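Q: Please take a close look at one strand of this chain and its pairing partners. Begin with the chain as a whole, then move in to that part.

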Amino acid sequence: METTDKKTIKGGAFLITETNYQDVFIPEEFDEEQQMIAQTCRDFLATEVYPNLDRIDTQEEGLMPSLMDKAGALGILGVSIPEEFGGFGKNFNTSMLVADVIGAGHSFAVALSAHTGIGTLPILYYGNEAQKAKYIPKLGTGEWKAAYCLTEPNSGSDANSGKTKAKLSEDGKHYLITGQKMWITNGGFADIFIVFAKIDDDANLTAFIVERDFGGITMNPEEHKMGIKGSSTRQVFFNDCPVPVENMLSERQNGFKIAVNILNIGRIKLSAAAIGASKAVIDTAINYSNERIQFDRPISKYGAIRYKLAEMAAKVYAVESANYRAGQNIDDAYERLVAGGMDASKAKLKSTEEYAVECAILKVWGSEALDYVVDEGVQIYGGMGFSAEAPMDRAYRDARINRIFEGTNEINRLLTVDMMLKRAMKGELDLMTPATAVAAELMSIPEFGEEDDALFAAEKKIIKNLKKATLMVAGAAVQKLMMSLSKEQEILMNIADMASYVYVAESAMLRTEKLVSLRGEAACEGQLNLMRIYFVEAVDALQKAGKEALWAFADGDEQRMMMVGLRRFTKMEAFNVKETRQKVAQQVIAANKYCY
């Protein structure tokens, strides 16, 4: 496998590229200014959001908009907005840090992310200079709040099948938009709507910037939801809503591309927010386990509880590592494109698009880590976990939407493989050469060299082999199923899980290796233990996914040979994972919080 420098790592190439720890960013490297921004967000949650969670969930009139105003006054809404429009102009990973910290803010986090992400970024990235000058400064301060109108009753995952129509008025000055949008976050108080509609009989959507005051807009009452109850969610109806022609966003029929690219950003930001929420839940669970006395001891003294705390921490540590690795890749790509002469807005889009595979992986892994954490959080609370009076109730319900938001996890798993295979077919990713090499390796006698007992040598060997296992299964599936592979969703999801475990486990290893290089091995015992706990999950789960895929499409000698290969590539030396979990649990229990 080739080793590349940081400047040339391609999106999706992690399966065929060996990454050096020097080339990844880790959250421990945030500078003083970024830490101050994060602290501002924590303080805002502590003073404005947490004391008002019940009021927020009852959707008290004017409360959420007022919180958005206060966040705007502190600059929290303008972190990613260029300085020329009144923002801070910070890089992508700084905006990831904000999403991470604010992610613990329940419904407020949803309102903020919808406004700063899918509500604002389409104008920032696709708007012309006049549109940006008119809208971005007011969106950056929160004077105007934004919403995003894509989903319709009959077009969810299949977004381009929307029925909302736009037709040019007789005087040619307005587009008249008619249609119905649903699940519109911030719909109840938004001033600006990014609306997707088809002009006449166009095959593809076009995007428009619509102001509430344009007229022709009505709404259903607020939706009653399982969770995120404080988030305004409305159905929005457009009835000949007159939109000035100059408010078309980008070009005609470019709406679907806008939607896809903005969702890439939304996916990785959602993962960051899910990890922020997870850390808050872990803190709460640890605190409760230290205070809850059963059989004359705090329940944090018991192995079953410690198992849960360690597993929760390991998942969060691994996904967080991958989040900021990908975020830095996006920042590096942006800087490279701008240095090459590309317009800044186009470079922002292109850099995120480059890492769309990683964004899809992280959306799934972040939301599923949070789901695991809140579920175990309820369990640690026991009977109180099921009480609406205790904090796990809200956390549990609010978490569930994340596997549906920004494209369902099923869609994102399918996209992960689809995007990689399309890039391979275009010649952008050479997946078949290493896949063929792995197939040839299966026919050879395994090499038994001297064991390397250096720190991280075992993990590096595991990652190398997990990549081979994934390439073996994916390559065989492509050759065996050919054009019918796109219909084999279960096999595709197996392959997506294999690739995802590779990416997240490798990210945890690279972060830990970099930390050890900075702080020394002794100071990083906790992180080394978290990494090793996660590797056990990754190896076992990857083997299971590979086995299910091979059993589904291979048979006879071919299946037997590849099963031997799968077992060879998913070997892991025995170590006492129970003891390792206990050490992690002791560390977080002593700190009374997630301390990594």
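A: In this predicted model, the chain carries 67 positive and 82 negative charges, and the mean positions of the two sets lie 2 Å apart. The accessible surface comes to about 25,400 Å². Carbon and sulfur atoms hold 52% of that surface.

As for overall dimensions, the C-alpha trace spans about 80 × 60 × 45 Å along its principal axes. The radius of gyration is 24 Å, which agrees with a compact globule, because a globule of 596 residues would have a value near 25 Å. Of the 596 residues, 57% count as buried. Among contacts with a separation of 6 or more, 77% are between residues 24 or more positions apart.

The secondary structure consists of 19 helices and 12 strands. The strand to examine is β9, which covers residues 233-244. Two of its pairings can be described here, one with β5 and one with β8.

Strand β5, residues 174-185, runs antiparallel to β9, and nine bridges join the two. Within this pairing, Arg234 of β9 stands opposite Ile184.

Strand β8, residues 217-219, also pairs with β9 in the antiparallel sense, here over three bridges. Phe237 in β9 is the bridge partner of Thr218.

Taken together, β9 is joined to β5 by nine bridges and to β8 by three, with Arg234 and Phe237 as example positions on the β9 side.

Definitions and conventions: Residues numbered from 1 in each chain as written. Predicted model: local features only at pLDDT ≥ 70, side-chain atom pairs only at ≥ 80, totals over all residues. Heavy atoms only, no water. Pairing = 2+ DSSP bridges. Helix = DSSP H or I, 4+ residues; strand = E, 2+ residues; numbered from the N terminus. Rg over C-alpha atoms; globule rule 2.2 N^0.38 Å. Buried < 20%, exposed > 50% of the residue type's maximum accessible area, 1.4 Å probe, protein only. Contact = heavy atoms within 4.5 Å. Areas by Shrake-Rupley, 256 points an atom, 1.4 Å probe, with all protein chains shown as cover. Lys, Arg positive; Asp, Glu negative; His and termini not counted. Charge placed at Lys NZ, Arg CZ, Asp CG, Glu CD.
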